[in-house]
Structures are given as C-alpha cells and as structure tokens.
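This briefing goes through the structure shown below, topic by topic. Keep the sequence and the 3D view open while reading.

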Amino acid sequence: MYVEDLKNEFYEFLTGKRILLLVHYDIDSICALKILQSILKHKEVRYTLCVVRGVEDLKRSHQEHCADVKYFVLINCGGTVNLVDVLEPADDAVFFVIDAHRPTHLDNIFSDGQVRLLWGPNEDAEVPEFQAVYRDDSDDESGGEDEDEENEGEGRAAKKRRLDEEAIMRRRERRLWEQRRFDIIAEYSQYTYYAKASAVAMYKLAWLLNKDDKDLLWLAIVALTEQFLFSKIENTQYVLAAGELQAHTTRLKNRSNDADVATSLKISFEKDLKLVLYRHWCVESSLKYSMFTACKMKLWSHRGSKKLYELLADMGLPVAQSQQSFESMDLQLRKEFHESLEKLSEKYNLEDLIFTSFVLQFGYRNKYCASDIVYAMLAILESSPRDKPEECFNSALDCLSRRHKETLQKAIERAKTITKTLFKTVQAAIDMKQIITAGSFVYYIIQEGSLDWYMLSNQHILLLLAQFILRAYVSMSKNKKAPDLPLIISAPKNLELGTCIVLGIPPLRQLSPKNNLGRAFEEAAENINYDVLSDYFDTSYFEIFTKDRTRFFDALTALFDK
Amino acid sequence: MFGEKAYLLIKELDRNRDSLPPYNTELLSEIHNEVKQLVTENQEDANVSEQSRLVENVSYVPTLKIRHAAIKRNIRCILAYHYNRLKCLKTIRWQFGSILPPEVKANLSQAEIDFFSKYSSSLMQYMRGIGDDGGVNLAVNLKPPKSLYIEVRCVVDYGQLELSDGSALLLKKNSRHHLPRTECEELIRQGVLEHVV
C-alpha cells in the first residue's frame, strides 16, 4: 500500500509509539537514518536501531523484537522481498518501508495496510494490474454451487456431462491465467535497478515539516552522490535530482549568517572533477588511480604513465608540485587546476571529466566535496576486516557528524589505500590476462589468498572493482563486441564456509543501469538444481560455494548462448 | 611563634582538597590552649597597664596589640577550617546521597555528623515540596536536562531491560536506542549505556 501523505500517515502516526528501525548496511541508508533520527527527536518516539545486511539479518532482528514492538520502519531493505511471507509477522504489526531498490515486490504494493510503502505509485514503473496478478479463488467454487442448485430439474446424466465440461473449461482458463501471470511477474521483476535515494525522500519529508536545515541537506547530497559514483542511476536522473537539491541550497543559503566563517556551514553547487579525493591527495596519485582517468589513458601501461607526465607538463604543473599534497601546491596552480584540465580534456580524450556536484565548507580549514565523504564512508563501512558491522556502523554515523574530524581524516586515508588497491588489482588482471571472455560475457575471478581479498568481498568495493575492470577491459580489447559484454566477477566471501560472492554488471554500451543478471543467476542455479544461498537485497549479487563455481559458470555460459 | 599551629591546620586542609582528612582534634586543642594562654596573658598585662597608668605610666599597649592580633589570627584559621570542612560535606551530600560511606564518617567529629543529618533532612524537605507528585530529586542532574528523550548506545551485553510501561527491550552490545531519560539514567550511571551526543 502506498502512503503519499507522509506527514500525517507516517510522522504523526508514529508519535509516542515504540518502533524498531531496521537499517540496511550502506551509505544511503545511513544518511536517511540520520535525517529520520533528527526529525523523530521532536516526537516522543522510543526506537531501537538494528543493522541489517541481508534477508537473514532482517529475519533475525524481527524475531528478537517482535514480541514487544508493533511498528517497524525499514530503510533501504525489504522493499523487494515479500515481507509478510518472509517475516511471518503478527497481524497487527505494521511495516513502513522506504527503499531505493526496485522492483518492489508485488505483494508489498498490493498489501492491504500491513506493509506501507513511503512513496507514490508514480515511482514504480510498469506495475501490472491487480486483476492480472491476483484472483479470488472462491469465485470459482461459488459459481459451481449456484449452477448446481439451478439445474436440479434436469436429468442426472445431462447435468453431469455439462458440469464436467464446465469444470474442464474453468480449469483450462485457470491454467492460461496462471501462465499469463507467471509471464507478467517474470517481466516485471527481471531488471533490478535503483530509484530515488531514500535520504532524498527523507529530506523532502523534513522540508514538508519545516524542520530541514543545511545538515540534513548535506546528508541528502551525500546519498545522491553515492548513487551517481557507483553508477546506480543514470546521468540524466542524477542531473535532475541534483537540480532539485541545488534549489534547496539556494533557498537555505540566505537564512543563516554566512559571514562568520568560523562557525558557518556553507554548501555550494560547483563543477567538480571525477578524480578520487584529489583535494586530500597529490595530483599525480589522484590522476593515476582514479577509475576515469586510468581507463581513458590506460595508466597501467608504461606508455600510459608517460602520457600522464605529458598531461601534467601541458597543464603547466611541475612534477615536484604534482607529487606534493594538493593543499601545499602553489596557490596559482591550485586555482587554475580545474580550468587547465578542462582545456586539455579534449586532447587527452578526457571528456566527461567534469560533473556538477556540491562542496561543503565549515571553519577555515575544512572543505570537502560530496564524493570525498562518500569514499570516506565506504572506507569505514567496508574495509576493516576485524571490526563488527555494528561498530563500523557507529563509526560511519560519527564520521558524518562534523565533530569527529579525526574519524573522517583516517577514513580518507583508508579510502586512498582502497583506490590504490583497486588500481593494482586491475593492473595485475590486465597484465596477467586474467579477465577471461566466455563468449557472451566476460568474467574475472579473485582467488583466495590474494592480497586484500577481504576488502573485495564487500558489496560496494566489489561493484567499483567490477566497473573498473570492465572499463579497463573494453579499453584494452580489440574485440568489437567488447562494449556489449556484461561482466561477472567473483570474490571469496567466507573462508570458513567456503562461499564466494558473485556479482554481474551490465555491459558498457547499455547506458541505463538496469541489471537483469540477477535473473540469469537464478535461472542458471535452477538449471543445475542448485540450492540458492542468496541473501542480498540487490539481486545482482549472488552467493555460492566456491567448489560449485565452475559448474555455475558453465550453466551461465549455456544460458547466455541460448 | 604565634599562629604556627594554625598555619599547620590550614596546610593540612590544603593538602587534601577533595577529600576530608580526619578531624584534627589534637591540633585544634593545642591552638585552643594557645589562644587561652594568650588571652590570660593579655588580661594580666591589660590589668597591669590599667593600674600603672595612674602610678608609673608603664604601658604594655604594643604587646597587647600583638597578642590580640595573634588571637584573632588563630580564631580566623579555626573558623576557616570548620567552614571548609562543612562545604566539603555539602558536596558529598549532593554527590552520594544522604547515607554517608563509613570511611568518610570515621573522619568527622560528632558536631559535623549532626550537621550532616540536619542538612540532609532540610534538603529532603525542600525537594519534597517542589514539583508535583512527591517532589523532584534535584541531586540526579545538577544541570537541567535539555530533552525528555536521549539517544543511547549499549556498551556491554546486558540482556533484557524492563521498561516502565511493561515492555521489554533487548540490550545487545553496540545497539542504539532512543529512550526517555528516566529509563536510561540508572544504566548510564552504571556504565551499561553511553549517551550519544
């Protein structure tokens, strides 16, 4: 059921009640959570927070709390699974879901009040009609009985014949209807994609309640940038959403006293470069390790690095300056950095280096752009092998509040290590030709025992690596069909259980990020009669035992060849 | 030297700024004797001065003045000693409540114990009178709290907590909750929950 009047049916509804917040383990949900927390503080709501990494965690948290809590708010989880079936809740439990994953499960859309979706029906594309998917079975039976009573007068044999015929017709019609239903559902759920970020929706609610401010706006900006950087949404969608947030920025700009630099918080909408963390790193490293420049200029090869130095020379940046940290470069060079890169972008095939983004400034020394914060949070959430998820979650929440600057600094350092690791992995993969073509798709396997495998077994870092590898492969390959091939990447996940995680991303030529590889995985698993272990809310991730990996890939090859 | 023992008394108090040392009865009685002696000597000399005014004009006024200054100094030190100890006692009452721990009680004189119980009872009477419904325990928060509900993080695995409306709350390590201040204060003091700013 859709809830469009968020203010009355969600916010006012939850006043004074005891709720459980189930939050998915990713950046968008953390931002949405912070916004929701700050608006719930004004209402006397007692809540408990639970971190959820997959369907199993969701079930477990629900089990632990269902005896005391009647109202559940799910952030970025649960929209795509049949909540009533999976969780088996009590009859008076109510679930409010705000989720960016699509397609939403049909049972959640057509639920009669137990599952309430906090967005409008216009955000779900191509939902089939209710009649096509659900059917009242009792209609069949009652039709038969009525006919029985009417035809009492007829002869026995004639009546029996007619009833048999009618029964056969009804059964046939029912089979056809089920077949059609199966097709409709298959078509509806084949592509997985992302819609508007949950944090942006939460920010709109805060704005409706007139409780928004620059902090909350910055959280919404970070969530939107995360979707853009991980290519979860298309360029046009990003530009539209960024335009809306920019309107909010200008509206909030005049409110506070921005003249006092030491205490004010300024958000500005500027052009930015697709270079990772360049403001906190040195120019040469940033150019070398960023996915965009590395793939366009093939910086893993010897010729590529020479080209890099050419580019620096053309920009007028001495090598010594480019190896110092960005903040210590000459003021003149720093100011001209953007424009010189823009001018040379055509010559070095670096179009699309510029995109519009937001920059946050507070105090005299702190200037962060949205992508910096996204990478820092990614580093906290996904690159510490020893910390438990709840602790990482707490650190990530700390990092977003401006009081813990050292957390942010350490996270930025770790993000630099992650970027370097990704680059080195791609370099090794290309040099040793480990990216293998299997006819209609490309795959790459990360072996256990390679350095930093634990980093790569997490969802989003694996996604970044997959995109990097696909772009690198396409730029190096002479195969004309390369931009049409999807990539499947596999990394070890749990050494004790012997499982590995498999991710598929769509080919480069397909501009829209809609991903139907999840469906391919399911079908391949069915073909080899494999018991599916998949726990993730995003169906393009899959988990299988390492020993079955080759069989699985063979099944996939057979499926794709069809 | 006059006033030396008084100086020792004050120095002892200064050395133990946050805690109460035992009530130094001997030093106090020594100072008491010194003051008495000074007073008697002064009286004799004052009488002699008074009597000799008419006969020889022998004046001990400067001596009298010095002794008087010493007496006043001693009395001032004794008063400061008692006053500071009482101030310390009052902070102890606000921090620990109306039951004195036995180590502290051993260091007090009888008069101080009496003072403490009387102070405690008048404080309780006052606290019972303000606010409705039985009074407000002001010793819980020395600064007024800003909000009714606070966000807390669980630091250790505590298990089930019974809330005042009967429902139970599972406190696992690193879980976060948003609860009314009254439910959490006890646990924050015990160190089970941590207030998240």
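Two elements are in contact when heavy atoms of one lie within 4.5 Å of heavy atoms of the other. An angle between a helix and a strand is taken between their N-to-C directions and runs from 0 to 180 degrees. With these terms, helix α16 (residues 331-344) of chain A can be placed: it lies across β8 and β9 of chain A and runs at about 25 degrees to β8(A). The model is predicted, and the predictor gives the complex an ipTM of 0.76 and a pTM of 0.81.

**Chain A as a whole**

- Chain A has 23 helices and 15 strands.
- Of its 562 residues, 54% count as buried.
- The radius of gyration of chain A is 27 Å, which agrees with the value near 24 Å for a compact globule of 562 residues.
- The C-alpha trace of chain A spans about 105 × 60 × 45 Å along its principal axes.
- Among the contacts in chain A with a separation of 6 or more, 71% are between residues 24 or more positions apart.
- The exposed area of chain A is about 26200 Å², and carbon and sulfur atoms supply 49% of that area.

**The three-strand sheet of chain A**

- Three strands of chain A form an open sheet in the order β8-β9-β10, and the pairing is antiparallel.
- β8 and β10 of chain A are the edge strands, each pairing on one side only.
- From one strand to the next, the twist averages 25 degrees.
- Helix α17 (residues 370-382) of chain A packs on this sheet and touches β8, β9 and β10 of chain A. The direction of α17(A) makes about 80 degrees with that of β10(A).
- Strand β8 (residues 265-273) and strand β9 (residues 354-362) of chain A are antiparallel and joined by nine bridges.
- Two of the partners in β9(A) can be found by residue: L273(A) has I354(A) as its bridge partner, and K271(A) has T356(A).
- β9(A) is joined to strand β10 (residues 366-369) of chain A by four bridges, again with the strands antiparallel.
- The bridge partner of L360(A) in β10(A) is Y368(A).
- What lies between β9(A) and β10(A)? The two strands form a hairpin with three residues between them, and G363(A) in the turn has a positive phi of about 70 degrees.
- A general point helps when looking at any sheet: in a regular strand, the side chains alternate between the two faces of the sheet.

**The five-strand sheet of chain A**

- A second open sheet of chain A has five strands in the order β11-β12-β13-β14-β15, with mixed pairing.
- β11 (436-437) and β15 of chain A stand at the edges with a single partner strand each, so one side of each has no neighbour in the sheet.
- Strand β13 (residues 487-494) of chain A runs antiparallel to β14(A), and seven bridges join them.
- Strand β14 (residues 499-505) of chain A is also antiparallel to β15(A), with five bridges between them.
- T499(A) in β14(A) stands opposite N494(A). In β15(A), the bridge partner of T499(A) is F545(A).
- Is strand β15 (residues 541-545) of chain A largely enclosed or open? Residues count as buried when their relative accessible area is under 20%. Four of the five residues of β15(A) are buried, so this strand is largely enclosed by the rest of the structure.

**Chain B**

- Chain B has an average pLDDT of 84, and 97% of its residues score at least 70.
- Its secondary structure comes to six helices and five strands. Along the sequence, these follow the pattern α-α-α-α-α-β-β-β-β-α-β.
- The radius of gyration of chain B is 28 Å, whereas a compact globule of 197 residues would have a value near 16 Å.
- Taken along the principal axes, the C-alpha atoms of chain B fill a box of roughly 95 × 35 × 30 Å.
- Of the 197 residues of chain B, 34% count as buried.
- In chain B, residues 24 or more positions apart account for 60% of the contacts with a separation of 6 or more.
- Chain B exposes about 13000 Å², of which carbon and sulfur atoms supply 56%.

How values were computed:
Residues numbered from 1 in each chain as written. Chains lettered and ligands numbered in written order. Heavy atoms only, no water. Pairing = 2+ DSSP bridges. Buried < 20%, exposed > 50% of the residue type's maximum accessible area, 1.4 Å probe, protein only. pLDDT = per-residue confidence, 0-100. Rg over C-alpha atoms; globule rule 2.2 N^0.38 Å. Areas by Shrake-Rupley, 256 points an atom, 1.4 Å probe, with all protein chains shown as cover.
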